[in-house]
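Please open the model in your viewer and keep the sequence beside it, since this tour moves from the chain as a whole to particular selections.

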Amino acid sequence: MAGNSPCASCKLLRRRCTKDCIFAPYFPSSDPQKFALVHKVFGASNVSKMLQELPLHQRADAVSSLVYEAHARVRDPVYGCVGAISYLQNQVSELQMQLAVAQAEIFCIQMQQEPVMPNPEMQDPDHKSYLLQNELPQYLNYASSSNVIYDSLSRESIFGHDMVS
């Protein structure tokens with residue numbers, strides 16, 4: 001208990017805050033929404049049990065994780081943090097695809113600009129290489145980075161603001 005003011009937990013639960021209150025170090029009275037959110041999602045009894053099972057040096061990190069998960073559960077009651085992770089993994093996949101397309105475009109441009117080195121195996125000096133003779137292989141020209149589909153990245157993200165405008 002900090003001074004005479006009960007912690008956010010004891011204040012919300014309307015009980016007397018003792019000096020050995022397990023919530024007091026992690027849920028100060030100055031931030032009542034923090035405990036209210038965790039209590040709404042997990043329940044005070046469950047949070048108390050979780051904290052009691054942990055060593056003292058791990059409790060602050062556990063409370064931070066509980067607060068983060070509670071925020072995620074309020075935003076997405078079904079998937080919580082897993083939904084956020086899945087969304088970010090999809091973004092990484094899309095960006096990797098865009099990177100591969102851009103690298104293929106760079107390769108195409110480089111191939112078009114590089115002079116053809118004479119090949120000693122060529123018997124006909126007027127014979128052009130396959131790449132120059134047939135333009136570039138079709139699979140390298142399949143899309144440009146401007147044509148990549150953006151899977152609703154302009155919608156509000158899980159973090160509450162636009163990721164891409």
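## A tour of the chain

Start with the whole chain, which is a predicted model: among its contacts between residues at least 6 apart in sequence, 52% join residues at least 24 apart. Colour the chain by secondary structure and you will find 6 helices and 0 strands, so that reading along the sequence gives the pattern α-α-α-α-α-α. If you then switch on the surface, the accessible area comes to about 12,100 Å², of which 55% belongs to carbon and sulfur atoms, while buried residues make up 27% of the 165 residues in the chain.

Next, go inside and select Cys-7, Cys-21, Phe-23, Phe-27, Val-38 and Leu-51, which touch the most other members of the largest nonpolar core, a set of 21 residues. The elements that give two or more residues to this core are helix H1 (8-13), helix H2 (32-42), helix H3 (44-53) and H4, and the largest share, 5 residues, comes from H4.

Stay with Cys-7 for a moment and display what surrounds this residue: leaving aside its neighbours within four places in sequence, Cys-7 is in contact with Cys-17, Cys-21, Phe-23, Ala-24, Phe-27 and Ser-29.

Finally, move to Tyr-79, which you will find in the loop between helix H4 (56-75) and helix H5 (81-113). Is Tyr-79 buried or exposed? Tyr-79 counts as exposed because its relative accessible area is 51%, and the cut-off for that word is over 50%. Add Val-78 and Val-82 to the selection, and together with Tyr-79 they make a nonpolar surface patch of about 330 Å².

Notes. Residues numbered from 1 in each chain as written. Predicted model: local features only at pLDDT ≥ 70, side-chain atom pairs only at ≥ 80, totals over all residues. Heavy atoms only, no water. Patch = residues over 30% accessible without salt bridge, like charges linked within 9 Å, V, L, I, M, F, W, Y side chains within 5 Å. Areas by Shrake-Rupley, 256 points an atom, 1.4 Å probe, with all protein chains shown as cover. Salt bridge = Lys/Arg side-chain N within 4 Å of Asp/Glu carboxyl O. Helix = DSSP H or I, 4+ residues; strand = E, 2+ residues; numbered from the N terminus. Buried < 20%, exposed > 50% of the residue type's maximum accessible area, 1.4 Å probe, protein only. Core = buried A, V, L, I, M, F, W, Y, C linked by side-chain atoms within 4.5 Å. Contact = heavy atoms within 4.5 Å.
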